[in-house]
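Here are my notes for someone opening this one for the first time. Keep the viewer to hand and check each point as you go.

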Amino acid sequence: MKKNYNYTRRKLYLPEYGRHIQEMIDSLSQIEDRRERNRQARAVIAVMGNLNPLLRDTADFTHKLWDHLFIMSDFQLDVDSPYPRPTRQELTVTPNRMPYTQGRITFKHYGKYVERMIGSLATVENPRAVASAVDNLARYMRTKSYEYNQEHPNNEVIVKDIKRMSGGSIQIDEEALNNLRSDYKQPFSARPQKGGQPHRTPHQQQRQQKNRNQQQHRTFAKNNGAHRNSSK
């Protein structure tokens, strides 16, 4: 017996409708009577709509079904459609090429916007505004460098990177940057520190307090019983 596997059959134009719908559409082209072919085409459209009953109330649902009918017939089916027939050229239009920036980022852990902001400071004439902007950028650069390398960089590295990205066109107050303190907060670690108390959740703290109270109550009851026995 000859076996018929799907990989030996021809490729489906719209696999979501299944092979049975594809065979029904293929049989429409073999009907010679145009009136009967139109009637059968409307019946196939109804069957295609039953596959997605939740989409019946959406806009242009019937229009999409007729377009899918022509697509699955390889645009060869000759029936009267209530909508304009799609063409192969309309569905195979090549989209316009979208240009992408090919600029190279000097320091990827800082990001491209930091490089752009430092480059724009070369045109600022107010030295006080430049110094304030450089101070904020240096803080931000320390933060991003810590996220990337998990360690705070030396201020000399920050100054060197700013000079390199600006091409030496920015006057930097190195003494002010040397006194720079990072505002970056290290993430909280649940691991117990050496020599310190381990971290406990609120539920664990309540349970520990409850156990401590029960232990104190038992100790008090034991001592009170011993005191009564001795008094007798």
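How many aromatic pairs does the structure hold? There are 2 of them, and they come up in points 2 and 4 below. Bear in mind throughout that this is a predicted model.

1. Start with the overall layout. The chain has 9 helices and 0 strands, so if you read along the sequence you just get α-α-α-α-α-α-α-α-α. Buried residues account for 23% of the 232 residues. Take the contacts between residues at least 6 apart in sequence: 46% of these join residues at least 24 apart.

2. Now the first aromatic pair. Trp66 and Phe70 have ring centres 6.5 Å apart and planes at 35°, so this pair counts as tilted. The cut-offs help here: planes under 30 degrees apart would be stacked, and over 60 would be edge-to-face. Both residues belong to helix α3, where they sit 4 residues apart, or about one turn of the helix. Are Trp66 and Phe70 buried or exposed? Both are buried.

3. Stay with α3 and look at what it packs against. Two packed helices are described by the angle between their axes and the distance between the axes. For helix α2 (residues 34-50) and helix α3 (residues 61-72), the angle is about 115° and the axes are 10 Å apart. The crossing of α2 past α3 is right-handed. On the α2 side, the residues that meet α3 are Ala41, Arg42, Val44, Ile45, Met48 and Gly49. Their partners in α3 are Phe61, Leu65, Trp66, His68 and Leu69. Sorted by type, the residues of this contact come out as 8 nonpolar, 2 polar and 1 charged. Notice that Trp66 turns up here as well as in the aromatic pair with Phe70.

4. The second aromatic pair is Phe107 with Tyr110. Their ring centres lie 5.7 Å apart and their planes are at 55°, so this pair is tilted too. Phe107 has 11% relative accessibility, so it counts as buried. Tyr110 is also buried, at a relative accessible area of 4%.

5. Tyr110 deserves a second look. Where is Tyr110 placed? You'll find Tyr110 in the loop between α4 and α5 (112-120). Leaving out residues up to four places away in sequence, Tyr110 touches Tyr140, Met141, Ser145, Ile158, Asp161 and Met165. Take Met141 from that list: Met141 and Tyr110 are 31 residues apart in sequence, yet their C-alpha atoms are 6.0 Å apart in space.

6. A little further along there is a charge over a ring. The charged end of Arg116 sits over the ring of Tyr113, at 5.4 Å from its centre.

7. Next, the loop between α3 and α4 (88-91), which holds Asp74. Phi of Asp74 is near 60°, which is a positive value in a residue other than glycine. With 23% relative accessibility, Asp74 counts as partly exposed; the cut-off for buried is under 20%. Phe75 is in the loop between α3 and α4 too, and Phe75 also has a positive phi, about 60°, although it is not a glycine. I'd look at these two together.

8. Pro84 is another residue in the loop between α3 and α4. Is Pro84 buried or exposed? Pro84 is exposed, with a relative accessible area of 65%. Setting aside neighbours within four places in sequence, Pro84 is in contact with His63 and Asp67. The C-alpha atoms of Pro84 and Trp66 are separated by 9.3 Å, with their positions 18 residues apart along the chain.

9. Last, Asn154, which sits in the loop between α6 (127-149) and α7 (155-166). Asn154 counts as partly exposed because its relative accessibility is 46%. The C-alpha atoms of Asn154 and Arg142 are separated by 8.7 Å, and these residues are 12 apart along the chain.

Conventions:
Residues are numbered from 1 along each chain as its sequence is written. This is a predicted model: local features need pLDDT of at least 70, side-chain atom pairs count only at pLDDT 80 or more; totals for chains, interfaces and linings use all residues. Side-chain values use heavy atoms; hydrogens and water are left out. Axes are lines fitted to C-alpha atoms, for helices over the stretch in contact, and angles run from 0 to 180 degrees between N-to-C directions. Helices (H or I, at least four residues) and strands (E, at least two) are DSSP runs, numbered from the N terminus. A crossing is left-handed if the near helix is turned anticlockwise from the far one by less than a right angle, and right-handed if clockwise. Contact means heavy atoms within 4.5 Å. Ala, Val, Leu, Ile, Met, Phe, Trp, Tyr, Cys and Pro count as nonpolar, Asp, Glu, Lys and Arg as charged, and the others, Gly among them, as polar. Rings of Phe, Tyr and Trp (its six-membered ring) pair if their centres lie within 6.5 Å; planes under 30 degrees apart count as stacked, over 60 as edge-to-face and the rest as tilted. Buried means under 20% relative accessible area, exposed over 50%, partly exposed in between (1.4 Å probe, protein chains only). A charge sits over a ring if NZ of Lys or CZ of Arg is within 6 Å of the ring centre and within 35 degrees of the ring normal.
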